[in-house]
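Hi,

Here is the structure I promised to send over. Have a look at it first, and then read my notes below with the model open next to you.

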Amino acid sequence: MGLRDLLGKFIPAVKPKPVLSRQEALTARPLRNPLIEWEPMDDGELVLKVPVEQRSLVIRWAIAAFRLPPVRQIQLDEVGAAVWDLCDGEHTVESIVQEMCKRTRMSRREVEASVSMFLKMLADRRLVAFIRGGKKKA
Amino acid sequence: MKHGLAPTQIVGWQGVSLQVPPDWSVTGFQGDAKEGYLRIDSPGSLVAEVRWAQARKAVNIRKRLDDYLNLVERQAKKRKVVFTGRIKPSEDWEGALEFNYRADRKVRGLIRQCPDCRRVVIAQVSGDKDDAVANIAYQILNTLQDHSSDGWWTWALLGLVVRLPERFALVKSQVMSGYLSLQFRWGYREVTVERWGLADVTLKRWTLEDWALQPAGWKRARVERAQGQARGHPAVMLSGVRTAPVVWLRRKLERVLLRRPELAHGAVWHCEPGNRIYSVRVERTGEQMLHDIVDTVVCH
């Protein structure tokens, strides 16, 4: 149990992170952050252009002082690019897994583990969010 | 919930093998040939589990089953779930006892001791209350084998199927998404089987020949390469000797004193229909063993 979950038990304002069951996670629909632009490359790879948050004065000063680019770039390989394409808020995680099973010809369990990890990593970096419930595209 | 797919995918581990529907996957294993556990999950809520323990003499399987069911009942009571169970001698499997119970899940299984290998195996299929457990359990349990008839064990998980002489013991396994590695040892002999997924992506950046030399076993080795065939695919055949001074000296001494082979042999091939790269490497067993093992790999 993390500190946040522990505090959430006693302090109502600190909400513990929602724990999703596997079934709930598979029916969630990942949606790309609309602030992010991306550029496809020739070999099927993709470059994401993520704006650097400039809320802090220090970061703003550092960007100006060191002439840092206002966006950071993240390169996705062709499998990551295919998953990114499917994060349109319409496809569920389950349908992404099925699609990637067809494309990669890997076993379902392997694809489910990789896609889940990849989507979690994107969500941790605030590149995608998950929509729960509502209409699904199977 | 009905489950329509027939059990056609073979799963094998430590001499135990069974067939499950093609969309089921191994999700857990532990132990060794003497005592162990294997779990295979369906995409839904059905689960097949096998536990085994090697015994030296005949054991009272009724007592073992009672102990097991008592343990399950105690756990159910802790969770305040009603437990109902039944045991009966099996009509389908000679010398086995069938059991079924309901707690928070529906379970059907069997326990038996093999008269040949003396292994005691408990296998069960469980599901939620709305799952049709009985039918799929019968089909899966009907394929259960606790030893092989030819002295070669089947090792099969996540689509990798390979057979090895039963004296080779698993010493290391890595099961990752897109990469599987099983390393076996029998005395001084070693066998390593590896499989990589996403071969189309890998082979855009590497040639098969360069990729073949990536496994750690071929690093710091003087390797000779040749073109060959494996399972109907073009393969890179490798043979070499370790050049690390200590290993080299030890191998040379063993070669002279004990007449042990010092060479390692390997085959690496790309299975295009399966989009995977396979590698089998044998060390100090002779080239014939490599061909025998490669011939047992089911790659597509």
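Let's start where the two chains meet: 12 residues of chain A are in contact with 13 residues of chain B. On the chain A side, the elements that give two or more residues to this surface are α4 (78-86) and α6 (108-124). Of these, α6(A) supplies the largest share, with 5 residues. As for chemistry, the chain A residues that touch chain B divide into 6 charged, 3 polar and 3 nonpolar. Before you read too much into any of this, please keep in mind that the model is predicted.

Now chain A by itself. It has 6 helices and 5 strands, and going along the sequence they come in the pattern α-α-β-β-β-α-β-α-α-α-β. The C-alpha trace spans about 55 × 50 × 25 Å along its principal axes. Of its 138 residues, 25% count as buried. If you take the contacts in chain A with a separation of 6 or more, residues 24 or more positions apart account for 54% of them.

The strands of chain A are worth a closer look. Three of them make an open sheet in the order β2-β3-β4, and the pairing is antiparallel. Why do β2 (37-40) and β4 (71-76) of chain A each have one side without a neighbour in the sheet? Both stand at the edges and have a single partner strand each, so nothing in the sheet flanks the other side. On average, neighbouring strands in this sheet are turned by 20 degrees against each other, if you ignore direction. Within the sheet, β2(A) pairs with β3 (residues 46-51) of chain A in the antiparallel sense, over 4 bridges. If you want a spot to find on screen, look for A:W38, which stands opposite A:L48 in β3(A).

The other pair to look at in chain A is β1 (residues 29-32) with β5, again antiparallel and with 4 bridges. Here A:L31 has A:A129 in β5(A) as its bridge partner. That alanine sits on the uncovered face of β5 (residues 128-131) of chain A, together with A:I131, while A:V128 and A:F130 make up the covered face.

One residue I'd point you to is A:V93, which lies in helix α5 (residues 93-104) of chain A. Is A:V93 buried or exposed? A residue needs 20 or more other C-beta atoms within 10 Å to be called buried, and A:V93 has 23 such neighbours, so it counts as buried. Which residues does A:V93 touch, leaving aside its neighbours within four places in sequence? Its contacts are A:A25, A:L26, A:A28 and A:P30, plus A:V115 and A:L119. For a sense of distance, A:E37 is 56 residues away from A:V93 along the chain, and their C-alpha atoms are separated by 22 Å.

On to chain B. It is divided into domain 1 (9-141) and domain 2 (160-294), and the C-alpha centres of these two domains lie 35 Å apart. The secondary structure comes to 18 strands and 6 helices. Along the principal axes, the C-alpha trace of chain B spans about 65 × 45 × 35 Å. Buried residues make up 38% of the 300 residues in this chain. Among its contacts between residues at least 6 apart in sequence, 45% join residues at least 24 apart.

Two pieces of chain B are easy to pick out by number. The first is helix α1 (residues 61-78), with 18 residues. From its first C-alpha to its last, α1(B) reaches 26 Å, close to the 26 Å expected at 1.5 Å a residue. After α1(B) comes B:K80, which has a positive phi, near 60 degrees.

The second is a hairpin made by β15(B) and β16(B), with 2 residues between the strands. In that turn, B:R231 has a positive phi of about 50 degrees. Strand β15 (residues 221-230) of chain B runs antiparallel to β16 (residues 233-242) of chain B, and 10 bridges join them. To check the register yourself, find B:R222: in β16(B), B:V241 stands opposite.

That's what I have for now. Shout if you'd like to go through any of it together.

Cheers

Key. Residues numbered from 1 in each chain as written. Chains lettered and ligands numbered in written order. Predicted model: local features only at pLDDT ≥ 70, side-chain atom pairs only at ≥ 80, totals over all residues. Pairing = 2+ DSSP bridges. Axes fitted to C-alpha atoms, helices over the stretch in contact; angles between N-to-C directions. Buried ≥ 20, exposed ≤ 12 C-beta atoms within 10 Å, placed from the backbone. Contact = placed C-beta atoms within 7 Å. Nonpolar A, V, L, I, M, F, W, Y, C, P; charged D, E, K, R; others polar. Domains from an automatic or database assignment. Expected span 1.5 Å × (residues − 1).
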